[in-house]
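Colleague: I'm new to this one, so could you take me through a single part of it in some detail? I'd like to hear about the salt bridges.

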Amino acid sequence: MISSSNYAAITNRKRGIRINPHKPVDASHSPEGLLESVPWEPSGHYLSMDSKAGAEILHEAGAWYLQEPSAMIPAAVLGAQPGERILDLCAAPGGKTTQNALRMAGQGTIVCNEPIADRARILFRNVERMGVPNAIVVSAWPEKLAAIWPGAFDAIQCDAPCSGEGMFRRHPETRDEWNAESPAGCAKRQGDILDSAAIMLRPGGRLVYSTCTLNTIENEGVVEAFLKHHPQFHLEPLPLPEQFPENASGMLALVPGEYDTDGF
């Protein structure tokens with residue numbers, strides 16, 4: 001049952017945007033429809049649904065990046081630091097790569113990977129548009145990278161391909177791509193990707209796994225299976241702002257409308 005107050009929270013939704021501090025603009029050129037700050041991302045703001053910020057010339061110039069607020073959480077959790085070697089394993093279109101790059105301040109290296117060539121070109125364009133100086137864009141399947149980069153990275157971002165249930169509200173057409181077999185099929189692929197990630201992470205490094213879907217098969221189930229097969233890993237509490245409930249399990253599910261976000 002949905003109460004009237006919850007219904008309002010779901011229907012009165014917002015978008016998200018990150019302002020690029022490396023390409024500052026004065027207040028008179030701020031993006032249209034800019035709203036309050038996103039608590040878990042210093043460069044993030046909510047954005048009105050009718051904003052045309054994505055069509056403005058300053059968007060093309062890299063002054064900002066449109067990104068759903070919930071999609072800003074995984075990079076906030078990863079906490080990339082200057083001087084580190086970071087791998088964004090499933091990086092297209094580039095939101096988390098460019099978000100991590102801000103935290104690195106041009107120091108260290110961020111490798112961003114997208115195995116599908118057309119999507120890799122979009123990733124490359126966004127990295128270039130946002131002015132990231134220390135990124136390497138590659139296009140390879142994770143197992144190929146694992147064969148050449150064992151233990152190479154301090155931290156790995158893995159926002160894995162999924163059944164996309166969290167996007168059903170924002171992109172209704174994605175519902176037509178879903179079927180009853182989707183979660184199990186995606187979970188198998190996600191487990192394989194994480195196996196490759198485990199090889200490439202240095203001892204003591206950190207791995208953040210996320211999806212934009214809501215079923216337990218692709219989320220808690222994938223994490224639990226990974227931990228069973230990789231006992232050298234353990235979960236850590238999520239370093240998120242106080243408005244999120246304490247989550248000692250190291251896992252968080254966002255329901256659409258609960259935190260002015262889509263599902264994640």
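**A close look at the salt bridges**

Modeller: Sure, let's begin with Arg119, whose side chain makes a salt bridge with Glu114, with 3.5 Å between the closest N and O atoms. Keep in mind that this is a predicted model. The two partners sit in different settings: Arg119 has a relative accessible area of 39%, so it counts as partly exposed. Glu114 comes out at 5%, and because buried means under 20%, Glu114 is buried. There is also a network here, in which Lys14, Glu36 and Asp260 are joined by salt bridges that share partners.

Now have a look at Arg125, which pairs with Glu60; their closest N and O atoms are 2.3 Å apart. This pair ties together distant parts of the chain, since Arg125 belongs to helix H5 (residues 117-129) and Glu60 to helix H2 (residues 57-60), 65 residues apart. Arg125 is partly exposed, at 40% relative accessibility, and Glu60 is partly exposed too, at 41%.

Another one to find is the salt bridge between Lys96 and Asp159, at 3.3 Å from N to O. Here, too, distant parts of the chain are linked: Lys96 lies in helix H4 (residues 95-104) and Asp159 in strand S8 (residues 153-159), with the two 63 residues apart. Both Lys96 and Asp159 are buried.

As for the general idea, side chains of opposite charge can pair when their charged atoms come close. Across the whole structure there are ten salt bridges, including the Arg125 and Glu60 pair.

Definitions and conventions:
Residues are numbered from 1 along each chain as its sequence is written. This is a predicted model: local features need pLDDT of at least 70, side-chain atom pairs count only at pLDDT 80 or more; totals for chains, interfaces and linings use all residues. Side-chain values use heavy atoms; hydrogens and water are left out. A salt bridge is a side-chain nitrogen of Lys or Arg within 4 Å of a carboxyl oxygen of Asp or Glu. Helices (H or I, at least four residues) and strands (E, at least two) are DSSP runs, numbered from the N terminus. Buried means under 20% relative accessible area, exposed over 50%, partly exposed in between (1.4 Å probe, protein chains only).
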